[in-house]
Amino acid sequence: FNSLPIMDVIYSLRPHIGGTINSAGNTSQAYLGITWGWNFFCNAFLNFSLGGAYHNGESETSDLNKKSLGCSTLFRQSLDLGYQITGPHAIMLHLDHISNAKICSTNEGLETFGVRYGYRF
């Protein structure tokens, strides 16, 4: 989203909402939070965000192919390196990390890396 007027005081923070769907049936997540952005060359930008996520993965498992994430609700941080194509459309290299900061019994965390399309409302 665009920056809210109340957030202009704090470096034009923007709220965000989104999700990551695992097409193989493994851990998917829905998330929300706050994003800080920096336009550094023409239409190129760097975003950093903090927030929370809810996932459908395993809280605890002995399956070596799955991670024990401890809680269903986790902290989330992300980084985007992107290009504003035109208007509200952008393409980005994206990295995010979700974990529980050792609040729950286990805390393996989960990282996601990929290419993403963004649309700013």
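The questions and answers below go through a predicted model of one protein chain.

Reader: How many helices and how many strands does the protein chain have?
Author: In this predicted model, the elements run β-β-β-β-β-β from the N terminus on. The C-alpha atoms of the chain fill a box of roughly 50 × 30 × 20 Å along the principal axes. The secondary structure therefore comes to zero helices and six strands.

Reader: What share of the residues in the protein chain is buried?
Author: A residue counts as buried when its relative accessible area is under 20%. The accessible surface of the chain comes to about 7700 Å², and 63% of that surface belongs to carbon and sulfur atoms. Of the 121 residues in the chain, the buried ones make up 31%.

Reader: Among contacts between residues at least 6 apart in sequence, what percentage joins residues at least 24 apart?
Author: A contact here means heavy atoms within 4.5 Å. When the contacts of the protein chain between residues at least 6 apart in sequence are taken, the portion that joins residues at least 24 apart is 43%.

Reader: Which residues make up the largest nonpolar core?
Author: In soluble globular proteins, nonpolar side chains tend to be buried together. One member of this core is Tyr31, which also touches residues including His16, Ile17, Gly52, Arg76 and Arg116. Another member is Cys71, which counts as buried at 16% relative accessibility. The core has seven residues in all, namely Tyr31, Ala53, Leu69, Cys71, Leu74, Ile98 and Leu110.

Reader: Which residue forms a disulfide with Cys71?
Author: By the rule used here, the count comes to one disulfide, and its two sulfur atoms are 1.2 Å apart. The link is right-handed, with 50° about the S-S bond. The pair joins distant parts of the chain, since Cys71 lies in the loop between S3 and S4 while its partner lies in the loop between S5 and S6, 33 residues apart. The partner of Cys71 in the disulfide is Cys104.

Reader: Is Cys42 buried or exposed?
Author: The relative accessible area of Cys42 is 66%. A residue with a value over 50% counts as exposed, and therefore Cys42 is exposed.

Reader: How many salt bridges does the structure hold?
Author: Side chains of opposite charge can pair when their charged atoms come close. One such pair consists of Lys67 and Glu111, whose side chains meet in a salt bridge at 4.0 Å, N to O. Another consists of Arg76 and Asp96, with the closest N and O atoms 3.3 Å apart. The number of salt bridges in the structure is two.

Reader: How many residues apart are Lys67 and Glu111?
Author: Lys67 and Glu111 form a salt bridge that links distant parts of the chain, with Lys67 in the loop between strand S3 and strand S4, and Glu111 in strand S6. Both ends are partly exposed, Lys67 with a relative accessible area of 32% and Glu111 with one of 44%. Along the chain, the separation of Lys67 and Glu111 is 44 residues.

Reader: Are Arg76 and Asp96 buried or exposed?
Author: Arg76 forms a salt bridge with Asp96, and the pair links strand S4, where Arg76 lies, to strand S5, where Asp96 lies, 20 residues apart. The cut-off for being buried is a relative accessible area under 20%. By this standard, both Arg76 and Asp96 are buried.

Reader: With which residue does the side chain of Ser49 make a polar contact?
Author: Ser49 is found in strand S3 and is buried, with a relative accessible area of 3%. Residues that Ser49 touches include His16, Trp36, Arg76 and Gln77, and its C-alpha atom is separated by 9.0 Å from that of Asp96, 47 residues apart along the chain. The polar contact of the Ser49 side chain spans 2.3 Å and is made with the side chain of Ser78.

Reader: What is the phi of Lys102?
Author: Most residues other than glycine have a negative phi. Ala101, in the loop between S5 and S6, has a positive phi of about 55° although it is not a glycine. Lys102 is found in the loop between S5 and S6 and is exposed, with a relative accessible area of 70%. Its phi is also positive, near 65°.

Methods:
Residues numbered from 1 in each chain as written. Predicted model: local features only at pLDDT ≥ 70, side-chain atom pairs only at ≥ 80, totals over all residues. Heavy atoms only, no water. Helix = DSSP H or I, 4+ residues; strand = E, 2+ residues; numbered from the N terminus. Buried < 20%, exposed > 50% of the residue type's maximum accessible area, 1.4 Å probe, protein only. Core = buried A, V, L, I, M, F, W, Y, C linked by side-chain atoms within 4.5 Å. Disulfide = S-S within 2.5 Å. Areas by Shrake-Rupley, 256 points an atom, 1.4 Å probe, with all protein chains shown as cover. Polar contact = N/O pair within 3.5 Å; in protein donor to acceptor, adjacent residues only side chain to side chain. Lists of a residue's contacts leave out its neighbours within four places in sequence.
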